[in-house]
Amino acid sequence: MPGQRGPVPVPLYNGDRDLTLDILEALESTDPFQTQSQFPDVPQAEIKAALDRLASRSMVEYDTQDREIVVLTAEGQQIADEGSHEYKVWKAVKESGKLSIKELPQKVAAESAKVGQGNAFKLKWIKKDGDSLVPIADSVQDVTRELLEHVATNAAFPDPKQLKDYQKRKLVATQKQIAYKVRKGPRWAKEIPVEVTDLTAEMLEDGSWQTANFKPYNFKALGANQNSGALHPLNKVREEFRKIFFNWDFIEMPTARFVDSGFWNFDALFVPQQHPARDLQDTFYVSDPPSSGPPGPDPIADAALDEMEADSATFSTSTYKSSKLDYAKYASDVRAVHETGAFGSIGYRYPYNEAETTRLVLRTHTTAVSTYCLHRLAANPRPARYFSIDRVFRNETVDATHLAEFHQIEGVIADYGLTLGGLMDFLASFFKKLGITNLRFKPAYNPYTEPSMEVFGFHAGLDKWVEIGNSGMFRPEMLLPMGLPEDLRVYGFGLSLERPTMIKYGVSNIRELLGHKVDLGFIESNAAVRLDKD
């Protein structure tokens, strides 16, 4: 049996009429017609559905007509039915001859007494006589009621200037009305013919295809919307950053461990144990389990680094030997440089607490991973480039530019003869790849870098300079305990993934990028990012 398509009924409220057939019958006597006149009580959606069914068969053609109409509010409809507040007050006073002000709410509604009394005074329909009201006018014209009756009939005011005043009084409102002008199509008929949708072998055999009424193909029909996934803008920008790093032969550090010990997160970075960053108000500490063991190798991270270094042109001729690393000596040297001074530094000279080194924290920066990789580099010191892009956690107050968790982009460059000028030149080249050329450098303090610089970029949306990065040269107190040679210097720089994303996508509030306020429509419709393009 070939596939066929016949009429699809669109029932009205009473359920016994076919709207498609009613439209065809209406066209027989009135061509064209306006749907709001011919079918005033039928919802627009049902009219549209029926017209689309007929138009797809070329039986009718129609034009959409949008216009703004004026409708009465509940109060406006009450005035159109019963009269204005001022008219009710005048009528009550007129019928009484003289009416006490206290008795007025008993004659008319309290709202009418409140509003109508003042309006009746302004119109000079009534006046005050002591504690009573007396009429002035023998007859009045209730203009408000007449205008609202006109609006109810014509969906518009006689004078468009009157609309604003009545909207302020909350008597009318505007709404969009969609109507259709319908006319006969090239295949108009009083009945919907059956259309064949499939050409079958039987039709070819018996010749019925020659007289069959085939449904025409609609090549302009849109496909069904697909609920496909969409990359978050942060993921798009993150991938662009990764391409930049890989093109410069950086090696991606393994950063899957969100929880780290105080040793790798603070102590190995020459951050004193009394530093404010280690306070509870700035750092999230883990309560279960509360502490870790002593510093040691991470086989999973080492295996990942081995694999990535094998694919790098910089590391292809080098082999990492874990046996050269003495983690106990490293921890002892870190303690010494803090407590008594070592490697030419006087240190901080305070009682070093081993318990602080094993406290578990949600890492406050990915530099904890950079420290592990640099210590690993001491097994075979040579020029190296590392980077990471992952989540970090800070116990910060949430505002338009700060969250308690965010993504940090970090880069580390180890080489001989590095200078601060070289770092500034590298950062200028790096941010140029992002399409950000308007930069400022500001001297800053970091416990583990000296000199240190903050990097600022101008955010047009916020109309101010926003900190987009931090940088510096790692201190000898951090590098020499690892076993790295004195002439091997290391650049360190970090920036937030969120800030450049906000700049590129014009987002002024970070909470619109991450969290429960994110607009899924923005996520699904935003364009792919090119950091080097506007």
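In the predicted model, R349 is placed in the loop that runs between α14 and α15 (354-358). The phi angle of R349 is near 55 degrees, a positive value in a residue other than glycine, and with a relative accessible area of 58% R349 is exposed. K170 likewise has a positive phi, of about 60 degrees, although it is not a glycine. The position of K170 is in the loop between α9 (162-168) and β7 (172-184), and because its relative accessibility is 62%, where the cut-off for exposure is over 50%, K170 counts as exposed.

Two peptide bonds of the backbone also deserve description. The bond from D31 to P32 is cis, with omega near 0 degrees, and P32 belongs to the loop between α1 (19-29) and β2 (33-34). The bond from D288 to P289 is cis as well, again with omega near 0 degrees, and P289 is found in the loop that links α12 and α13. These features can be set against the general pattern, in which most residues other than glycine have a negative phi and most peptide bonds are trans.

A further loop, between α10 (201-206) and α11 (233-247), holds K220, which at 78% relative accessibility counts as exposed. The C-alpha atoms of K220 and R145 are separated by 51 Å, the two residues being 75 positions apart along the chain.

Taken as a whole, the protein contains 20 helices and 17 strands. Its radius of gyration is 39 Å, well over the 24 Å that the globule rule gives for 534 residues, and the protein is therefore more spread out than a compact globule. Along the principal axes, the C-alpha trace spans about 105 × 100 × 45 Å. Of the contacts with a separation of 6 or more, 72% are accounted for by residues 24 or more positions apart. The accessible surface comes to about 28,400 Å², of which 50% belongs to carbon and sulfur atoms, while buried residues make up 43% of the 534 residues. As for charge, the mean positions of the 62 positive and 74 negative charges are 6 Å apart.

The interior can be described through its nonpolar cores. In soluble globular proteins, nonpolar side chains tend to be buried together. The largest nonpolar core of this model has 39 residues, of which F263, W264, L374, L377, Y386 and F474 touch the most other members. The elements that give two or more residues to this core include the helices α12 (262-265), α13 (299-310), α14 (327-339), α16 (367-377) and α18 (476-479), together with the strands β12 (384-393), β13 (405-416) and β17 (488-496). Among these contributors, α16 gives the most to the core, with six residues. A second, separate core of 33 residues includes L234, I409, I413 and M453.

The setting of α16 agrees with its burial: eleven of its eleven residues are buried, so the helix is largely enclosed by the rest of the structure. The buried residues of α16 include nonpolar ones such as V369, L374 and L377, and also R376 and H375. One of the links between this helix and other parts of the chain is made by F474, which touches T367 and L374 as well as V412, Y448, T449, L479, V490, Y491 and G492, when residues up to four places away in sequence are not counted.

Conventions:
Residues are numbered from 1 along each chain as its sequence is written. This is a predicted model: local features need pLDDT of at least 70, side-chain atom pairs count only at pLDDT 80 or more; totals for chains, interfaces and linings use all residues. Side-chain values use heavy atoms; hydrogens and water are left out. Helices (H or I, at least four residues) and strands (E, at least two) are DSSP runs, numbered from the N terminus. The radius of gyration is taken over C-alpha atoms; the globule rule is 2.2 Å times the number of residues to the power 0.38. Buried means under 20% relative accessible area, exposed over 50%, partly exposed in between (1.4 Å probe, protein chains only). Contact means heavy atoms within 4.5 Å. Accessible areas come from the Shrake-Rupley method with a 1.4 Å probe; for residues, only the protein chains shown count as cover. Lys and Arg count as positive and Asp and Glu as negative; His and the chain ends are not counted. The place of a charge is taken as NZ of Lys, CZ of Arg, CG of Asp or CD of Glu. A nonpolar core is a set of buried Ala, Val, Leu, Ile, Met, Phe, Trp, Tyr and Cys residues joined through side-chain atoms within 4.5 Å.
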